[in-house]
Structure formats: structure tokens, C-alpha cells
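Open the structure in your viewer and keep the selection tool ready. Each stop below says what to select and what is there.

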Amino acid sequence: MTGTLTQTVADVAIGRLKLNEKPVPTAPSEAKLVDPFNYVGETFGKVDDSYPYADLLPHNPTRTHSEPPLTVQEITDRGFFADPGHARLRAWVKARGGTIKDLGICMGAVIEGENIKMEELGDDEKDDLALLIAERGVVFFRKQHSLTIDQQREIGRHFGPLHKHPTYAVPRRGDLDDVVVVYSDKNSRPDLYAFSRAELFHSDVTYELQPPGATILRLYTTPEVGNDTLWSSGYNVYSQLSRPYQLYLESLSAIHTGHNQAASRSAAGHKIPLREPIDTIHPVVRVHPVTGLKAVFVNPGFVTRIVGVPKAESDNTLAFLKDCFAQQTDATIRWRWEAGDVACWDNRVVNHSATFDAYPSQRHGLRVTPHAEVPLSVADYEAKFGKPAKDWLKERFAKLNIDGPAQDDGKMKNGGFRD
């Protein structure tokens, strides 16, 4: 499917729509209304086989049975083998005339340059990249047109064993069960009444025993405008809270469920998932094993409740944290995609959301999702590594050699927020 704009072969090959063409009206009855909150990836309507990436369009295979549940694997994060200042990666980028730039104070970085090709990264550079992703939350590469899906998988496997999604579509090519297809077009119209915007911030498949770490998404075809993606920092959500509230959250665990996602697959007519859905309990605050930083680790997509507290308390705590991710303007990065762009983010420490605002344009990408370690609570991390876990904001203040904000003394502040 090539969307509703006329495209030449050359236009399609770079995945961009022509600027001087106008969209052909689409009757509402031709488009299926979908809920992005539970969308498992489909192609509705006739597929145009002349589309250059037709073999990578989504496909939901019919199955006669499900595979056994996953078991815990021993995983050592590649960031442990990185140079602390990413010296090898920075030298590699510089040698090719490229640059590495931070996009915000708290998070985000972009690696740019005409000669920067991800498939040419060596193992040392990949290790440094793993650390950079862990520190910055998300790292972008522009113009990766030569990166194949097999090369993308090879990079992903360097970070960890690749996750096979239990419900989402895989590419039609048939040998890519460890790849997730991100897809929408004129035949799949987002139901804008089905979700709140804050609810769409999520971390991928957190119901797994070992949810993902460094994750790689490449977009092949993008709208001219719209369908941006936002990433929001769990490091920063934690850092903005009072110490008593931080300690409260550190004591909690939450249930992450895969049942809702499995139900959405069944609703789309695909009855048997790759694996049966599971519920898993993870800490509300987890610690990244390499950076040692604490991050809030909940999201509205998969977390149903906090364990061991009354429902009203659980609901209100989760609602507050959901709003924190959506509202923190100082620790959110918004990326406007171009065809060939690659985003690498650490699902352990950031939530993300697409804007779903570009219908009826076509959007097509492939995601490779390596497993990470079993989430470490603050207590687990400190027992395992023998050192205290860290607060991102306190670390920043220490580097700047300044004191943090003064605690509330309970006194009236004229014109202040306590009035």
C-alpha cells in the first residue's frame, strides 16, 4: 500500500511522498477504525506489490499452537564493556566527518554525517553506543538508507537475544520472527476517541520476564508531516519526586500484563498467539545496571495495578506517574522522522509515544528488540553491585558543583505555589 498520494518509483524508493501532489479523498467506509493502544499491526485492503518494501509489510501468520513460555536468560549488558566517555564511538564518527550532539539536557542525542553507516560499526563502537543509549535514553541516526533489516538484527543481537513478539505482526518475508512491523496507511484510521494522549506513553512488552533494553527502530516510509515520536525519561520522573515519595515507590512492585495485547490479536481474527499471555511483577523503580541510575518503570499500556496497596491508592499513584511522563517538558524529546532514520532507545529507562496524527499517510518501519536483564529494584541493585543506586538530578548537580533545591520548610511564600 502506498498511501493516497501519487508516488513515482523514485519517490517510493526513498520513502517520501511528493510535496506537490494532493491527497485523493478516501471514503470513511474504506478505512478500518483502529485503536492505536491495542493495534497489533495489519494491512487492510489490497496490497500494492510494486511497493519496494512489500516483503516487509506486516503479516500475522496462522498458527496451530503456541510456543512454550520464555525462561530467564543470562544477559550481560554490553555497556559494561564501553569506554566511559564513548571514545571509540566518537573517534569512529569523527573519522567519517560526522558529529554526535545532545538534543536536551536530560536525554536525547543524534549522530549525523553523510558517511555514517550503522552497518559499519565495529563491536567496540557498538559497546560505546550501548552506554550512550543508556545514558541519553534515545540516540538517533539520520539517513541510514543502506541499513538492511538483517544488519539491523545483527546490531540488535550484539545488545542481547532478540525478542519474538507474542502477538504483533512480522514481515511477510517469512524468516523474520524476531522483527516487529510498525505500519499504518489510508486503510487504518486511528480512533481518536479510544485513548487519551497520556495513555500512549509506554515501554515495549514490559510484561516479559526480561523486558527489552537497547531497541532499534528504522522507518522506511514516513508522512511528509506528522506521526512524530516522543520519548520521556524515567530517570527524570524519579528525580523530580520528593525523597519520601521516592522511598515509597522504591518499596513497590507492579503487575505488567500481556493479556490485553493478546485480546487485541484475537479481536483482529488471529486466535492463537506465538506465546500465551502472561502477567509479571516488576519493581516500580528499577536501576539500570550500567549507569546505576534509578528510573520509574511503569506505563499505562501494560501495568494494571500496584501490588499490596488498596485499589484507590494504586489507581491514583499510577495515574500520577502516567501524567509525569506525559507532562515533563524538560525531559521529553520529540523526533520528526525522515525516511531512513533510526532511533535507538533504552526501554528500561524511557517511555515513548507516537502522535498518530498523519492519517491517511503511510508509515512503515521495522523494530528489533533485544532482551535485557530481569529488572533490578534498588535493593537488588545495591545488593548485587555493593554500591548505592544514583539519582540523575543529584548527579547533575554534583557535576555542576551546585546544591539541589531546598526542601519545603512549611513557611508561606508570598506569590509562590504554596499560597
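The tour starts at a helix and then visits some loops and a surface patch.

This is a predicted model, in which local features need pLDDT of at least 70, side-chain atom pairs count only at pLDDT 80 or more, and totals for chains, interfaces and linings use all residues. Residues are numbered from 1 along each chain as its sequence is written, and side-chain values use heavy atoms, with hydrogens and water left out.

Select helix H10, residues 392-400. Helices (H or I, at least four residues) and strands (E, at least two) are DSSP runs, numbered from the N terminus. Trp392, Leu393 and Phe397 are the buried residues of H10. Buried means under 20% relative accessible area, exposed over 50%, and partly exposed in between (1.4 Å probe, protein chains only). These buried residues lie on the same side of H10, because they cover an arc of only 135 degrees around the axis; the arc is that of the directions from the helix axis to the C-beta atoms.

Now turn to the other side of H10, where Lys394, Ala398 and Lys399 are exposed.

Next, select Asn401, just after H10. Its phi is near 60 degrees, a positive value in a residue other than glycine. Most residues other than glycine have a negative phi, and most peptide bonds are trans.

Select Tyr359 and Pro360, which are joined by a cis peptide bond with omega of about 10 degrees. Pro360 is in the loop between strand E18 (350-354) and E19.

Last, select Val374, in the loop between strand E19 (363-368) and helix H9 (378-385). Val374 is partly exposed, with a relative accessible area of 37%.
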